[in-house]
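Colleague: I am new to this structure and would be grateful for a close look at a single part of it, namely the empty space. Please explain the terms as you proceed.

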Amino acid sequence: MKKTMLLMSTAILATAFLAACGPSSKDDGTITRLEQNGNTLTVCDFAKVKDTLNVPLSEWVEDCRLVRFENTDTALFKMWWPAITDNYIGIRQSGGVFKLFDHKGKFLHDIGAMGQGPGEYAGSLYSELIDEKNKVIYLAPFAGSTKILKYNLDGTFVTDYDLGERLNKPKLSLNPDGSISLVHLCFQGMSEMMGAVITPDSTITKYIPAPGQAINPRDKNGSFVGFNNEIWSYNNVEGFKYMMMPVDTLYNYNAVANKMEAQFALSNPPVGEDVFLIYDELPGKYLATVWGKGTIVVDNKNNNSHYVKLVNDYFGGLPAPMNFTNGWFFAMYEPAVLMENIEKRMAASDCTDKDKELLKGLLESLDENDNNVMFIGKLKK
């Protein structure tokens, strides 16, 4: 897909920062850190990243367990994305109700319902927040709604927050004071705000985009293509880190100052109709997934960058996807798919006898007719 740079490009950002203060670190030749007014922008030179490392999952997460979701009719689901907290797993479905489980896979409640009435949502959801401390859940519809919905943990509707304009693929983040922040696809000529902060007493502070920040929702022929764009935000570290598909930079939405702060970008990225980038931040590192190339990990402590492939050393060396949300690693499978992956791993030349024994026991415990299963592990700080 053709990318349109809406905010300042990486090159322009880097030049502006360099002119102000100069680079502070380029240890292995891949990383430059640029500082201005107390904010640090980390830039990784894509063209200089060459090596690929196999990294054991245990280096990144405290532990790893397999969650087996219960098999009752009300518990069955087709996952779009999970929300994981210390005690709960929420499941966002495409066109289905949001479901809440515990860490043992026990189904607890549907949260809200599909429909057009108060506290109901039509179509798919695009974002969710589980606030364990205050025992509430927030849900954001995919598009067309002006509201963010709030529920108790038992699924009952509490209230909604009306932002006063249609929200386009909104993403949510929980702030330390219990308020929530959101960003959405701000379309030129159609949207007045890019982000907002909502306090529990319904006070709303909006972020109004600067010139050039809103997305052009139409292609060169004038056709509406705005929803081809995505927002990625995974809430794996403090702050609200997000990236929009047309923009080449990971940003932080500073709720206190109500401003957007550039955090991370690649310089010299690949270009092409089918190239797109996804950035994320984990404790101590940035991730840059370059579609079709792999995932680059920028280590902020050691100041180096590598392509990385994760290996689940907790479970016999199974390949592990780069999936992280709310400070947790996860890997969701239909049982039949996991069984196939286990068989492939057991047949690999580097699979040890110890790994084979563990994997054999896991394989025999699975039933292809069961509900989904998911590996989860909490990220190390």
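Modeller: What follows describes the enclosed space first, then the open space, and lastly one sheet.

This is a predicted model, in which local features need pLDDT of at least 70 and side-chain atom pairs count only at pLDDT 80 or more, while totals for chains, interfaces and linings use all residues. Residues are numbered from 1 along each chain as its sequence is written, and side-chain values use heavy atoms, with hydrogens and water left out.

Rolling a probe the size of a water molecule over the atoms shows where empty space is left. A cavity is a set of points, on a 1 Å grid over the protein atoms alone, where a 1.4 Å probe fits but cannot get out; a pocket is an open set with protein on both sides within 12 Å along at least five of seven lines; lining residues have an atom within 4 Å of a point. Grid points are joined across faces, edges and corners, and a volume is the space filled by probe spheres set on the points.

By this rule there is 1 cavity of 30 Å³ or more. The largest cavity holds about 90 Å³ of space. Its lining consists of 13 residues, and those nearest the centre are Glu128, Ser233, Asn235, Thr325 and Asn326. Strands (E, at least two residues) are DSSP runs, numbered from the N terminus. At least two lining residues come from each of β5 (79-84), β11 (125-131) and β15 (171-174), and β5 gives the largest share, 3 residues. The lining of this cavity comprises 5 nonpolar, 5 polar and 3 charged residues, where Ala, Val, Leu, Ile, Met, Phe, Trp, Tyr, Cys and Pro count as nonpolar, Asp, Glu, Lys and Arg as charged, and the others, Gly among them, as polar.

The largest pocket has a volume of about 1100 Å³. It is lined by 37 residues, with Leu174, Asn235, Val237, Glu238 and Asn326 closest to its centre. Two or more of these lining residues are given by each of β5, β11, β15 and β21 (249-254). Here the largest share, 4 residues, belongs to β11. By class, the pocket lining has 14 nonpolar, 13 polar and 10 charged residues.

Finally, an open sheet of 4 strands is ordered β4-β30-β29-β28, with antiparallel pairing; two strands pair if DSSP finds at least two bridges between them. Because β4 (65-68) and β28 stand at the edges with a single partner strand each, one side of each is left without a neighbour in the sheet.
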